[in-house]
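Student: I would like to know how each label in this model is arrived at. Please give the value and the rule each time.

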Amino acid sequence: MLLLVFLVVSLFSSVITGCGQAVKTKEPVSEETIRETEIAESAVVEPLPAVEKTAASQPPHPPQVVGFDAAQVMSHVSYLADTIGPREEATAGEAQAAQYIQDRLTEYGYSPVQQVVPVPAAGGNSLNVIASLPGGQKPEYKIVVGAHMDTKSKSGPSPGANDNATGCAVVLELARVLSSNRRNVPTVEFVFFGGEEVAPGGGQDDHHFGSRQYVAGLTPEAKSSIRGMVSVDMVGFGPSFLVRNMKKAPQTLVNLLLECGKARGLSYLGDTGTFGLSDHEPFERAGIPSAWIEYRNDERIHGPGDTSAHIDPSKVDNTGQFLQNFFEEHLTPERLGSLL
Ligand SMILES: [Zn+2]
């Protein structure tokens, strides 16, 4: 009985305070506790279809923390940037990153799929990695959360820690934490895009190959089910925490994000580039409310100095906790229904 009281107190010490700062415990909560809670919940709530799990999905490093875990995120950043290194589009480095991400998603219980993305300017194929979380809130609507896996080396080989191992790592961790609370979140499609950067030798508009192909391949029904898109791109360095877009589609999602992110210092900056500067671009041009979450400015991107050593874990943590909070607390079914 005493143990039960302790477990209940442990769970409730992870308090989400609306869209303000989330207070979370670093105390590990046992898998038994999580299972007990799930069983207790399923007694009163109709359970959703289980996310398929296989024997191969046993994690080598089981996550210990309930809620967004910055240490877990930094280990992804380090693997992508320091172990794999440069991940130019349509190269073996990008394919290795895709495999790493696919393996983690499988560990978390997803059934990720790969989409081949031809990049003629680079003379090969990139790929997108896609994983879906069937949500419990208005499951007919979907939010796409994306991050690009590839890097660009302009002033020497770039390990691409900030641009964009940070975005990939935050989205991966978000996929982990939201999967344990899917009754309270909308349907989310996590997409790790290949070929975001301008292709070597290409013009300024020869980019966003993965996201453009994803949008171009949508059936009319699939497109109308997507009510919003969030691109997470460069979230580990710089003083300004921003939500950006090109103002080519309804600003509804940006407005909700700004409302929710106020307490975390989020502000708006227009993405004024003619061609768009991240993977929200094709979604926005297709009329889907879209947003790019970024910290700026980081002069080390696209060069050898973009290593994991210069990433500030508190910034990736702030980004991830903000997005977790947004999906679990702020994006109510009513607000989700009002996006388009
Ligand atoms: Zn980027």
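Tutor: A helix crossing is right-handed if the near helix is turned clockwise from the far one by less than a right angle, and left-handed if it is turned anticlockwise. By that rule, helix 5 and helix 10 cross in a right-handed way. Keep in mind that this is a predicted model.

Student: What makes helix 5 oblique to helix 10?

Tutor: The axes of helix 5 (residues 161-179) and helix 10 (residues 313-330) come within 10 Å and cross at roughly 40 degrees. Angles under 35 degrees would count as roughly parallel, and the roughly perpendicular range is 65 to 115. The angle falls in neither range, so helix 5 is oblique to helix 10.

Student: Which residues make that contact?

Tutor: Helix 5 brings Thr166, Ala169, Val170, Glu173, Leu174, Val177 and Leu178, while helix 10 brings Val316, Thr319, Gly320, Leu323, Gln324 and Phe327. Sorted by class, eight of the residues are nonpolar, four polar and one charged. Gly counts as polar in this scheme.

Student: Why are helix 3 and helix 10 called roughly perpendicular?

Tutor: The axes of helix 3 (residues 70-84) and helix 10 cross at roughly 115 degrees and come within 9 Å. The roughly perpendicular class runs from 65 to 115 degrees. Helix 3 and helix 10 are therefore roughly perpendicular to each other. The crossing of helix 3 with helix 10 is right-handed.

Student: Which residues of helix 3 and helix 10 are in contact?

Tutor: Ala70, Val73 and Met74 of helix 3 meet Pro313, Val316, Asp317 and Gly320 of helix 10. Five of these residues are nonpolar, one is polar and one is charged.

Student: Ala90, Ser111, Asn125 and Lys247 carry burial labels. What makes Ala90 buried or exposed?

Tutor: Ala90 has 24 other C-beta atoms within 10 Å. The cut-off for buried is 20 or more, so Ala90 is buried. Ala90 lies in the loop between helix 3 and helix 4. Its phi is positive, about 60 degrees, although Ala90 is not a glycine.

Student: How do you know that Lys247 belongs in its class?

Tutor: Lys247 has 12 other C-beta atoms within 10 Å. A count of 12 or fewer is exposed, so Lys247 is exposed. Lys247 is located in the loop between strand 6 (240-245) and helix 8 (252-261). Lys247 also has a positive phi, near 60 degrees, in a residue other than glycine.

Student: Why is Asn125 called partly exposed?

Tutor: Asn125 has 17 other C-beta atoms within 10 Å. Buried needs 20 or more and exposed needs 12 or fewer, so Asn125 is partly exposed. Asn125 sits in strand 2 (residues 124-133). Leaving out residues up to four places away in sequence, Asn125 touches Ala90, Val116, Val117, Pro118 and Val119. Asn125 and Ala95 are 30 residues apart in sequence, and their C-alpha atoms are 9.5 Å apart.

Student: Why is Ser111 called partly exposed?

Tutor: Ser111 has 14 C-beta neighbours inside 10 Å. That count lies between the two cut-offs of 12 and 20, so Ser111 counts as partly exposed. Ser111 is in the loop between helix 4 (92-107) and strand 1 (113-119). The C-alpha atoms of Ser111 and Leu133 are separated by 9.6 Å, with their positions 22 residues apart along the chain.

Student: Which peptide bonds are cis?

Tutor: The bond from Asp163 to Asn164 is cis, with omega near 10 degrees. Asn164 has its place in helix 5. A cis bond also joins Arg296 and Asn297, with omega about 5 degrees. Asn297 is in the loop between strand 8 (290-296) and helix 10.

Student: What is the confidence over the chain?

Tutor: The mean pLDDT is 85, and 81% of the residues reach 70 or more. Over residues 1-17 the pLDDT is below 50, and this stretch has 19 contacts beyond near neighbours in sequence. Residues 22-62 also stay under 50, with 40 contacts beyond four places in sequence. Where pLDDT is low, the predicted coordinates should not be read in detail.

Student: How much of the chain counts as buried?

Tutor: Of the 340 residues, 47% count as buried. The secondary structure comes to eleven helices and eight strands.

Terms used: Residues are numbered from 1 along each chain as its sequence is written. This is a predicted model: local features need pLDDT of at least 70, side-chain atom pairs count only at pLDDT 80 or more; totals for chains, interfaces and linings use all residues. Axes are lines fitted to C-alpha atoms, for helices over the stretch in contact, and angles run from 0 to 180 degrees between N-to-C directions. Helices (H or I, at least four residues) and strands (E, at least two) are DSSP runs, numbered from the N terminus. Angles under 35 degrees count as roughly parallel, over 145 as roughly antiparallel, 65 to 115 as roughly perpendicular and the rest as oblique. Two residues are in contact if their C-beta atoms, placed from the backbone, lie within 7 Å. pLDDT is the predictor's confidence in each residue, from 0 to 100.
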